[in-house]
Amino acid sequence: MNTFSLGRASRHPVRYAGIVAGLIAGIGLALSGCQPRTPAPATANRAAPKTNFPALVYQPVAIGSPAGPEDRPMVTNLQIADLDQDGLPDVIYSEARGNTVRWIRQAPRGVFTEQVIARDLPAPANVWAADVQGSGRLDVLVACMGQIMPNNDRIGSIVVLENLDNRTFQPRTLLEKTARVTDVRAANLTGHTDGKLDLVVGQFGYAQGETRWMKNLGGWRFESQIVNRQSGTVHTPVADFDGDSRPDFAALVTQEWEEVHLFRNPGDGGEFKDTLVWGSTNEDYGGSGLAVADVNRDGRPDLISTNGDGFDYAVRGHRPWHGIQWLENTGQGNFRYHRVGDFPGAYAPCAADLNGDGHTDLVAVSGFADWDDPQSVALMAWLNDGRQNFTPMPLARSPIKLVTAAVGDLDGDGVPEIVTGALHAFPPFERLSNITLWRRQ
Ligand SMILES: [Ca+2]
Ligand SMILES: [Ca+2]
Ligand SMILES: [Ca+2]
Ligand SMILES: [Ca+2]
């Protein structure tokens with residue numbers, strides 16, 4: 001491992017002096033030679049409080065490549081998508097052990113077969129299926145960091161795997177020699193009428209980062225507009241947050257910032273306005289995930305977020321303030337913060353009605369619990385009583401070190417499944433998994 005000096009402006013220059021941070025898929029990784037920031041806390045959430053909800057029981061099934069002691073998976077991101085549009089949802093994922101993107105195709109229903117659809121990618125951190133050019137087929141956008149270890153060089157790139165015939169995918173580099181890219185997704189930001197989609201891009205960088213969007217000019221050419229230059233952006237979810245029918249996007253900016261920004265679409269091809277909608281006063285907050293969901297079902301898209309980045313400390317691991325929250329969209333681009341619950345090492349906030357009562361529940365995984373404690377929770381749900389009071393419900397304590405998840409109805413029975421991916425970058429190398437499908441019993 002190389003060590004790096006931070007070399008950047010900080011709100012907290014004294015505390016940050018000597019702190020060395022790295023990154024795996026938007027995860028800061030503290031290296032040797034640093035002073036510890038905070039002692040590791042006791043584990044929270046060992047047991048759920050008493051609840052009126054009947055317990056949810058999920059059965060895990062490994063899909064895709066198996067995990068073995070000699071092949072410790074490093075899944076960085078996954079998405080549920082019907083990539084070949086045959087009516088059966090599939091799973092696509094990026095992994096940083098072999099630097100591939102893989103497609104776990106469901107065919108026939110309930111049978112999952114994995115194939116590698118791209119190799120030799122430079123540290124893929126995120127995947128997103130979208131029909132970028134209006135071809136009628138779903139391409140796969142891949143955010144590439146270039147290098148997982150801390151690096152401020154412009155080594156990031158965006159690669160699209162162009163879907164040629166729903167079997168063959170041709171890689172094309174859309175952007176390169178740029179600050180390390182952690183998220184890319186597609187949306188019609190500019191009112192295309194021919195099916196083309198623009199791109200929204202989060203770039204963690206290291207000392208310098210960027211958030212941008214890229215106008216689709218056709219022929220796989222794009223024109224960039226940079227909307228923010230802070231470092232540490234990990235996720236850039238898209239939705240019409242202000243209700244003017246034009247898609248906007250948000251950004252979770254981690255590192256020392258720990259902020260959520262909103263970029264409203266002006267609709268006239270002009271500049272997206274950067275608004276700070278929430279910020280933590282704790283520079284060790286550990287922001288790890290940001291996603292869109294209409295939590296209270298009022299028609300306005302809300303934001304759900306986790307903070308549990310355990311890499312970003314001199315002594316990596318969980319912290320007592322790790323957990324999950326939602327930002328209620330109150331209209332006109334305003335949000336109200338609500339803490340949902342504590343969850344050490346929380347990643348990958350997801351929303352779905354897990355128990356079928358008509359209220360949107362939340363799910364997250366843990367990458368950084370106290371894995372020496374067998375009671376530490378790896379997969380957690382929070383059940384919504386319909387008034388956004390959430391009851392935590394542990395779903396699983398093994399496999400461990402889960403950092404990415406998605407929820408969707410893969411088998412078509414109306415009950416959502418959960419899919420998780422594990423990242424095994426450091427000990428303990430036990431309770432291993434790669435991709436796990438969780439079916440409700
Ligand atoms: Ca399919
Ligand atoms: Ca809008
Ligand atoms: Ca809402
Ligand atoms: Ca529910």
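In the predicted model, strand E4 (residues 100-106) and strand E5 are joined by six bridges and run antiparallel. Within this pairing, Trp103 lies opposite Gln115 of E5. The hairpin formed by E4 and E5 has five residues between the strands, and Gly110 adopts a positive phi near 90 degrees there.

These two strands belong to an open sheet of four strands, arranged in the order E2-E3-E4-E5 with antiparallel pairing. The edges of the sheet are occupied by strand E2 (75-81) and strand E5 (112-118); each has a single partner strand, and therefore one side of each is left without a neighbour in the sheet. On average, neighbouring strands of this sheet are turned by 20 degrees against each other, direction ignored. At the E2 edge, six bridges connect E2 with strand E3 (residues 90-95), and the two strands run antiparallel. Asn77 has Ser94 of E3 as its bridge partner.

A second set of pairings involves strands E7, E8 and E9. Strand E7 (residues 139-144) is joined to E8 by five bridges, again in the antiparallel sense, with Val142 standing opposite Val159 of E8. E8 also pairs with strand E9 (residues 169-178), in this case through seven bridges and likewise antiparallel. In this pairing, Glu162 has Gln170 of E9 as its bridge partner. Five residues separate the strands in the hairpin of E8 and E9, where Asn166 takes a positive phi near 65 degrees. Strand E8 (residues 156-163) is largely enclosed by the rest of the structure, because seven of its eight residues are buried, the criterion for burial being 20 or more other C-beta atoms within 10 Å of the C-beta atom of the residue.

The largest nonpolar core comprises 115 residues. The residues with the most contacts inside this core are Ile92, Val140, Val142, Cys144, Leu362 and Ala364. At least three residues of the core are drawn from each of domain 1 (55-73 + 286-440) and domain 2 (125-279). Val142, listed among the residues with the most contacts in the core, is also the residue that faces Val159 across the pairing with E8. For Leu362, when neighbours within four places in sequence are left aside, the contacts are with Ile304, Ile324, Val340, Pro349, Ala351, Ala381, Trp382 and Phe390.

Key: Residues numbered from 1 in each chain as written. Chains lettered and ligands numbered in written order. Predicted model: local features only at pLDDT ≥ 70, side-chain atom pairs only at ≥ 80, totals over all residues. Pairing = 2+ DSSP bridges. Axes fitted to C-alpha atoms, helices over the stretch in contact; angles between N-to-C directions. Core = buried A, V, L, I, M, F, W, Y, C linked by C-beta atoms within 7 Å. Buried ≥ 20, exposed ≤ 12 C-beta atoms within 10 Å, placed from the backbone. Domains from an automatic or database assignment. Contact = placed C-beta atoms within 7 Å.
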